[in-house]
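Biologist: I'm new to this one and would like some help reading it. Could we start with the cysteines and then move on to sheets and cores?

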Amino acid sequence: MSDITGRRPGFKNLGGARPRAVSLSRRELVETDYLSPGETLPLVVRPKDVELDPADWVGGSRDFIEENLLRHGGLLFRGFDVGGVERFEEFVRAFSTNLMDYLDQHTPRTRLTPAVYTSTEYPADQRVPFHSENSKNRVWPLKLWFCCLQPPPRGGETPIADNAKVFRLLDPKLSARFVEKRVMYARNFGEGVGLPWQTAFQTDDREAVERHCREQRMEFEWKDGNRLRVRHVCQAVAAHPATGETLWFNQAHLFHVAGLEPAFRESLLGLFEEEDLPSNAYYGDGSPIEDSVIAEIVEAYRLASVSFPWRPKDVLMLDNMRVAHGRAPYEGPRRVLVAMAEPYGGDAGVPNSSGVVS
């Protein structure tokens, strides 16, 4: 059915052309399938008409998107005209206006607009381990989007993994230990390796950093040479706010020195005492996490992982609590954008030491 301007809902205005009168539900404007038989993560959503306006369709299809995101954990929008930073931001804002900044960064990235960033700018030959964005903190985004503007000629996938499946794959004794003790993250800024604190916290103001640390219940210590040491304890496991499903939700394996490539790990340990490493992870009581435990966590993510090659203009939308993501090494140019929305956390939805949601 056309609106008062004569345009078909969800379609671009085609100049002076008069579109035929059509009555279609938003659901009928797209088709869905899967990347492979038996694998329901992600759900692939494709437009039936190349002239479907992505942002307009998303704005009128929030219920459809929310329902399927909750069911599958991730949606891959493929074939939509979402090329470029502005088009991607329009697509994201059509779904959610509650977009978030990247504060307390652990990896380098570039801010392109108030809401859109580049994906992690790690060297191309390095793998980014699985993680849910900001699961190392007390507040994190519920929604996460990636947009591929330029897939590399080789590698560069963004593998994903269901955090509920990861939790089920782990030894129950191991996960119970993490539920009880939680995870302590330790970081040192200004040591010549990793991000400077000014980049991580997006400010040159020490007082602003201190306020953020207090708000997030982080211990901080200023050292000579304008160096900063930060420690904080956060959840290892969380309950999904909509389903109550138990999720593995932390970044212990990403921060822990055992998760590094062997040569890089040996190099760092040759340069720094353990307490001065750029980053490391411990049990919440400060006791060391065994290397074998980190290896088991990494293996669980591998077994739960799903990977696919990017195509130009692909948009991947994730339930950030339900689904973790990483990045494969690659060759050649690669350009992937990121946006996130809907802050959540604090003490809500996080199991206490007995595993009960408070």
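Modeller: Happy to. The sulfur of Cys 147 lies 7.2 Å from the closest cysteine sulfur, which belongs to Cys 148, and that is too far for a bond. Keep in mind that this is a predicted model.

Biologist: What is a disulfide, in general? And how many disulfides does the structure hold?

Modeller: A disulfide is a covalent bond between the sulfur atoms of two cysteines. Here the structure holds 0 disulfides. Cys 148 is in none, with the sulfur of Cys 147 as its nearest, 7.2 Å away; the cut-off for calling a disulfide is 2.5 Å.

Biologist: Is Cys 147 buried or exposed? And Cys 148, buried or exposed?

Modeller: Cys 147 is buried, at a relative accessible area of 0%. Cys 148 is buried too, with a value of 0%.

Biologist: On to sheets. How do strands of a sheet pair?

Modeller: They pair through backbone hydrogen bonds, either parallel or antiparallel. In this model, one open sheet has 7 strands in the order S1-S2-S3-S16-S6-S19-S4, and its pairing is mixed. Its edge strands, S1 (30–36) and S4 (117–118), each pair on one side only. S1 runs antiparallel to S2 (residues 39–47), joined to it by 6 bridges. To see that pairing, look at Thr 32, which stands opposite Val 45 in S2.

Biologist: Which helix packs on that sheet?

Modeller: Helix H2 (residues 62–72) does, touching S1, S2, S3, S6, S16 and S19. Its direction makes about 125° with that of S3.

Biologist: What is the order of the sheet of 4 strands?

Modeller: That open sheet runs S10-S11-S9-S14, with antiparallel pairing. S10 (219–223) and S14 (279–283) are the edge strands. The twist averages 15° from one strand to the next. Between S9 (residues 183–189) and S11 (residues 227–234) there are 7 bridges, and the bridge partner of Phe 189 in S11 is Leu 228. Helix H7 (residues 206–215) packs on this sheet, touching S10 and S11.

Biologist: Finally, where do nonpolar side chains tend to be?

Modeller: In soluble globular proteins, they tend to be buried together. The largest nonpolar core here has 30 residues, and those with the most contacts inside it include Trp 57, Ile 65 and Phe 77. H3 (85–95) gives the most to this core, with 6 residues. Beyond its neighbours within four places in sequence, Trp 57 is in contact with residues including Val 45, Ile 65 and Phe 80. Apart from that core lies another, of 26 residues, among them Phe 130 and Ile 289.

Note on methods: Residues are numbered from 1 along each chain as its sequence is written. This is a predicted model: local features need pLDDT of at least 70, side-chain atom pairs count only at pLDDT 80 or more; totals for chains, interfaces and linings use all residues. Side-chain values use heavy atoms; hydrogens and water are left out. Two strands pair if DSSP finds at least two bridges between them. Helices (H or I, at least four residues) and strands (E, at least two) are DSSP runs, numbered from the N terminus. Contact means heavy atoms within 4.5 Å. Axes are lines fitted to C-alpha atoms, for helices over the stretch in contact, and angles run from 0 to 180 degrees between N-to-C directions. A nonpolar core is a set of buried Ala, Val, Leu, Ile, Met, Phe, Trp, Tyr and Cys residues joined through side-chain atoms within 4.5 Å. Buried means under 20% relative accessible area, exposed over 50%, partly exposed in between (1.4 Å probe, protein chains only).
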